[in-house]
Every structure is written in structure tokens, then in C-alpha cells.
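Here are my notes on this one, written as numbered points so you can follow along with the structure open. Take them one at a time and find each part as you go.

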2 protein chains.
Amino acid sequence: MKRAMKTERSYTRLLDQLRSAGLRLTRQRLALAKLLFGGMERHVTAELLYGEAQAARVPVSLATVYNTLHQFTDAGLLKEIMVDSGRSYFDTNTSHHHHFYCETSGELSDIDGADVAIELLLEPPLGREVSGIDVIVRVK
Amino acid sequence: MKRAMKTERSYTRLLDQLRSAGLRLTRQRLALAKLLFGGMERHVTAELLYGEAQAARVPVSLATVYNTLHQFTDAGLLKEIMVDSGRSYFDTNTSHHHHFYCETSGELSDIDGADVAIELLLEPPLGREVSGIDVIVRVK
DNA sequence: GTGTTTGCAAAGTGTTTGCAATTTA
DNA sequence: TAAATTGCAAACACTTTGCAAACAC
């Protein structure tokens with residue numbers, strides 16, 4: 001009962017976030033949102049999410065998966081991660097955090113923001129302001 | 001005279017590095033090496049270097065530019081940087097350092113390793129060892 | 001109903017590859 | 001001369017786009 005309520009509440013919040021981003025609640029967007037946000041935090045590529053949608057018998061095209069990932073990113077529901085030129089990863093964890101990236105397996109895992117102490121002892125280039133710091137700890 | 005000697009010395013060193021990497025001293029590799037290492041530290045993409053080679057009337061194909069960038073990277077003469085999914089940057093600065101990446105201009109600039117104090121308060125995933133830490137300070 | 005969204009297929013980008021011709025050592 | 005390298009064009013992987021049909025509100 002408690003679990004159901006919790007799910008329901010976050011689902012309502014999700015709908016609000018989609019609506020306030022000006023996105024209609026289409027079958028495809030709702031299904032992809034469920035795959036993305038229905039469980040634990042995760043890292044996906046477009047191709048991976050597309051595969052999951054097919055496995056779940058969700059009728060959606062790859063083009064729509066790409067569009068949706070970008071729309072969700074713009075809406076602040078996802079965060080795009082750059083670890084691999086040639087492939088975009090999207091992270092359902094939008095809070096301040098960093099990543100382990102395994103060069104052997106291609107696997108990506110989160111590092112809580114509090115678990116990295118970082119200090120920049122230098123000003124950014126003239127006229128620029130820091131918009132974020134990404135730390136990628138490469139492992140093998 | 002001093003300048004000539006200095007140039008000559010680093011050039012000799014470069015040739016040694018290429019040879020010890022098992023790379024023959026071909027016209028293309030030498031010309032690309034001159035473009036890459038002949039001046040100050042720089043960040044290039046394959047396309048950019050190819051353009052410069054053409055401007056310098058160096059007969060080289062784009063495929064060879066790609067091959068060469070990877071061979072130089074394997075030989076430790078370049079470092080590959082991932083800031084933009086869909087495009088690889090190569091850095092002639094192979095020492096320990098980080099980057100500013102301007103999201104507005106796409107410009108990349110170095111941050112000396114000593115100018116970033118970073119501490120990882122967490123063990124890497126089981127069975128993995130840290131092979132490097134990349135810090136990208138995004139600015140706009 | 002009206003404007004948005006979808007799906008398809010085509011086009012676009014950046015990169016890699018197969019292989020014959022060329023070049024280096 | 002033998003082995004490595006080059007250049008071309010084709011193939012590749014990932015992503016975006018144009019547009020008619022379908023859908024949400």
C-alpha cells in the first residue's frame with residue numbers, strides 16, 4: 001500500500017514535469033518515462049532504451065526515442081553524459097554527482113557528489129562563468 | 001641558432017618516439033607531426049588537422065589523418081579528450097592536466113594538473129583500478 | 001478541430017575498413 | 001624486395017530531419 005502510494009506520487013510529479021515542459025502525454029512518452037523512471041537510477045543509450053521498449057512491446061520508433069531523450073533532458077528529467085565520443089549516455093540521476101567509467105566494459109556508475117572533493121585553484125577564462133564540473137574516474 | 005638547435009633537438013626526439021613506436025617515418029606522418037608539434041600545445045579534431053594539412057599543401061587523406069592521430073595517441077604523443085559525443089579531440093599536451101570546455105564556443109583550454117585539487121573519497125568498483133581522472137570544467 | 005507528435009525512410013556526421021597501389025627501410 | 005603505409009571509396013555507427021498520417025487536448 002505504501003509502495004503503491006509512493007509510486008503514484010512520483011508518477012503524478014512526473015506528469016506535472018512533462019506538462020510544465022509543454023510536452024503532451026503521449027503513449028510513447030509515458031511508456032519511455034516508465035522504463036526510465038520506473039525503477040532505480042540508470043544510465044541508458046538511445047539504442048538500449050529502444051531495445052527495452054521493444055522487449056516491453058511498446059510501439060515506438062528509434063527516432064522518437066531520440067526525440068524523447070532530448071526532450072526529457074531539456075525538461076531537466078535527464079542529464080546527458082559525455083564519456084564516449086560516438087555515443088550519448090543519459091542519466092536518470094540529475095543531482096550533483098560524478099561517474100566511474102570502465103574502459104573495459106563500457107559500464108558507467110555513479111559517484112555521489114559528496115564523494116569527490118574538488119577545488120579549482122584558477123579562474124575560468126575571461127568573461128566565462130563555470131556552469132558545471134564533470135569528473136570522470138576511468139577504471140579498468 | 002639557439003632556436004634552431006632547440007627545434008632540432010625536439011625534432012630528433014620526435015623521430016625517436018615515432019621509431020620506438022614502430023612507426024615508419026613517412027612523408028604524411030612527418031608532416032602531420034610538424035603541424036601538431038611544431039608550435040604551441042593544441043587541441044585538434046581530425047577534420048581540423050586535415051584542413052590544415054590541405055592548406056599547407058601536404059598530400060594526405062582524411063583516413064590517414066585518423067590513422068595517424070590514433071597511432072600518435074597509442075605512442076603517447078597525443079591524448080584523446082572526450083567532451084563532445086560525436087567528435088574526438090586530441091591534445092598535444094600529454095601531461096597530467098584537465099580542461100575548460102566552453103559550451104558556447106566549443107573551445108577547449110587546458111588547466112594544469114596542479115590547479116585542480118581533487119580527492120576521491122570512495123573505492124573504485126570491486127576488481128577495478130583507477131586508470132585516470134578527467135575533470136572537465138564546463139563554462140559558458 | 002487544431003496543433004503536436006509519431007514513424008518511416010532518407011540524409012547527415014564523424015569514423016573505420018578493405019584493398020590495390022605506393023613507399024619506406 | 002619485403003613489409004608497412006597510403007588513398008580511395010564503400011561501409012559503419014549513431015543521430016537528425018522532412019513530411020504525411022495519427023493522435024492529444
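1. A word on domains before we start: the bounds quoted here come from an automatic or database domain assignment. Keep in mind too that this is a predicted model. For chain A, the assignment gives domain 1 as residues 1-92 and domain 2 as residues 95-140.

2. Now get a feel for the chain itself. Chain A has four helices and seven strands. Walk along the sequence and you'll meet them in the pattern α-α-β-α-α-β-β-β-β-β-β. Along its principal axes, the C-alpha trace of chain A spans about 50 × 35 × 35 Å.

3. How far apart are the C-alpha centres of the two domains of chain A? They lie 23 Å from each other. As for touching, eight residues of domain 1 of chain A are in contact with 11 residues of domain 2 of chain A. Between them, these two domains bury about 740 Å², and carbon and sulfur atoms give 56% of that area. Which residues of domain 1 lose the most area to domain 2? Look for A:His43, A:Lys79 and A:Val83, which together make up 58% of what the domain 1 side buries.

4. What holds for polar pairing between the domains? The count of salt bridges between domain 1 and domain 2 of chain A is zero. Polar contacts do turn up, though: there are five residue pairs of that kind, with both partners at pLDDT 80 or more. On the domain 1 side, the elements giving two or more residues to the touching face are β2 (79-84) and β3 (87-91) of chain A. β2(A) gives the most, with five residues. Sorted by class, that side of domain 1 has four nonpolar, one polar and three charged residues.

5. Next, bring in chain B. Lay chain B on chain A and you get an RMSD of 0.1 Å, using a turn of 180 degrees and a shift of 0.0 Å along the axis. The two copies are therefore related as by a two-fold rotation axis. There's a nice check to go with this: 100% of the interface residues of chain B are also interface residues in chain A, so the copies meet through the same surface.

6. On to the interface between the chains. Interface size is often given as the accessible area lost when the parts come together. Here, the area buried between chain B and chain A is about 3300 Å², with carbon and sulfur atoms giving 59% of it. In terms of contacts, 41 residues of chain B meet 41 residues of chain A.

7. Which strands of chain B should you look at on the side that touches chain A? β2 (79-84), β3 (87-91), β4 (97-102), β5 (108-112), β6 (116-120) and β7 (130-139) of chain B each supply at least two residues. The largest share, 10 residues, comes from β7(B). By class, the chain B side divides into 20 nonpolar, nine polar and 12 charged residues.

8. Last, the polar links between the chains. There are 16 residue pairs in polar contact between chain B and chain A, both partners being at pLDDT 80 or more. Salt bridges come to six over all chains, and two salt bridges are found across the interface of chain B and chain A. Try finding this one: the side chains of A:Asp134 and B:Arg138 meet in a salt bridge, at 2.7 Å from N to O. A:Asp134 sits in strand β7 (residues 130-139) of chain A and B:Arg138 in strand β7 of chain B, so this pair joins two chains.

Note on methods. Residues numbered from 1 in each chain as written. Chains lettered and ligands numbered in written order. Predicted model: local features only at pLDDT ≥ 70, side-chain atom pairs only at ≥ 80, totals over all residues. Heavy atoms only, no water. Contact = heavy atoms within 4.5 Å. Buried area = accessible area lost by both parts, 1.4 Å probe. Salt bridge = Lys/Arg side-chain N within 4 Å of Asp/Glu carboxyl O. Polar contact = N/O pair within 3.5 Å; in protein donor to acceptor, adjacent residues only side chain to side chain. Nonpolar A, V, L, I, M, F, W, Y, C, P; charged D, E, K, R; others polar. Least-squares fit on C-alpha atoms with pLDDT ≥ 70 in both.
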